[in-house]
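Here are some friendly notes for a first look at this structure. Keep the view open beside you as you read the points below.

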Amino acid sequence: LCSIVKPSIGVVTYIGTQHIALFGSQEKLQNAKGELFASLPESGHAILNADSAPCKVISQNLVCSTTSVGTASPCDILAQDIEEAGDGIRFSAEGQNYNVPLHGTHNTTNVLLAISVAALFDVQVSDIAKSLQSFQPPHNTFSMRKENGVTLLDDTHNASPESFRAAIAWAKSQPASNKI
């Protein structure tokens, strides 16, 4: 696909086990995702999640520039003061505060990746922060809704063990006394 599309920007959000059934092993999955970065021209740009060790591996020896984002050092753009609020996540990065109506602090790296892409297109950081305030997650992707007075977290689109563990960790952190 890369030889057809000829991308100039590549983003790898995470390399876990989400597609392991299709690829057969973690190594094959990592190699397949690495094809995107390997296809980028010298004038291109790779953006990766530095919290995912396999993402760091596939970003080695690239001919293009890279931006790494994460919640732990070392990385180019580091999220700090990360917190889950009743209306979503909050954090700061490079002196800018972000309030995103998306639940689960594990989603912070996804937001950082989007911020990095927007910055490549010279979108002002303040405009990025403002736009993120009205973000709505896709249906069935860590989205919340109320039914009959019960708050439901719908993450049925994500089936990987990592996504499931993140949903359980989020539910565990919530103040409700009765959780199912």
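1. In which helix is the place of Glu 162? Glu 162 sits in helix H7, which covers residues 161–173. Please keep in mind while reading that this is a predicted model.

2. A good next step is to look at what surrounds Glu 162. If its neighbours within four places in sequence are left aside, Glu 162 is in contact with Tyr 14, Gly 16, Thr 17 and Gln 18. Gln 18 lies 144 residues from Glu 162 in sequence, yet the C-alpha to C-alpha separation of the pair in space is 7.8 Å.

3. Now turn to the strands. Strand S2 (residues 45–49) and strand S3 (residues 65–70) run parallel and are joined by 5 bridges. One pair to find on screen is His 45 with Ser 65, its bridge partner in S3. Between these strands, helix H4 (residues 53–58) comes into play: S2, H4 and S3 make a β-α-β unit, and the unit is right-handed.

4. S3 also pairs with strand S4 (residues 77–85); these two run parallel and share 2 bridges. Here you can look for Val 69, whose bridge partner in S4 is Ile 77.

5. Which residues have the most contacts inside the largest nonpolar core? They are Phe 91, Tyr 98, Val 100, Val 111, Leu 112, Ile 115 and Leu 132, in a core of 18 residues. Two or more residues come from each of S4, strand S5 (88–93), strand S6 (96–100), helix H5 (108–120) and helix H6 (125–132). H5 gives the most, with 5 residues. As general background, nonpolar side chains in soluble globular proteins tend to be buried together.

6. Val 100 is a handy place to explore this core. Leaving out neighbours within four places in sequence, Val 100 is in contact with Asp 87, Gly 88, Ile 89, Phe 91, Val 111, Leu 132 and Phe 135. There is also a second, separate core, which has 10 residues, among them Val 12, Phe 37, Leu 48 and Cys 64.

7. Finally, is Asn 107 buried or exposed? Asn 107 belongs to the loop between S6 and H5. Its relative accessible area is 9%, and buried means under 20%, so Asn 107 counts as buried. Beyond its neighbours within four places in sequence, Asn 107 is in contact with Ile 89, Leu 102 and Phe 142. Ile 89 is worth a second look, as it is also among the contacts of Val 100.

Terms used. Residues are numbered from 1 along each chain as its sequence is written. This is a predicted model: local features need pLDDT of at least 70, side-chain atom pairs count only at pLDDT 80 or more; totals for chains, interfaces and linings use all residues. Side-chain values use heavy atoms; hydrogens and water are left out. Helices (H or I, at least four residues) and strands (E, at least two) are DSSP runs, numbered from the N terminus. Contact means heavy atoms within 4.5 Å. Two strands pair if DSSP finds at least two bridges between them. A crossover is right-handed if, with the strands pointing away from the viewer, the path from the first strand over the helix to the second runs clockwise. Buried means under 20% relative accessible area, exposed over 50%, partly exposed in between (1.4 Å probe, protein chains only). A nonpolar core is a set of buried Ala, Val, Leu, Ile, Met, Phe, Trp, Tyr and Cys residues joined through side-chain atoms within 4.5 Å.
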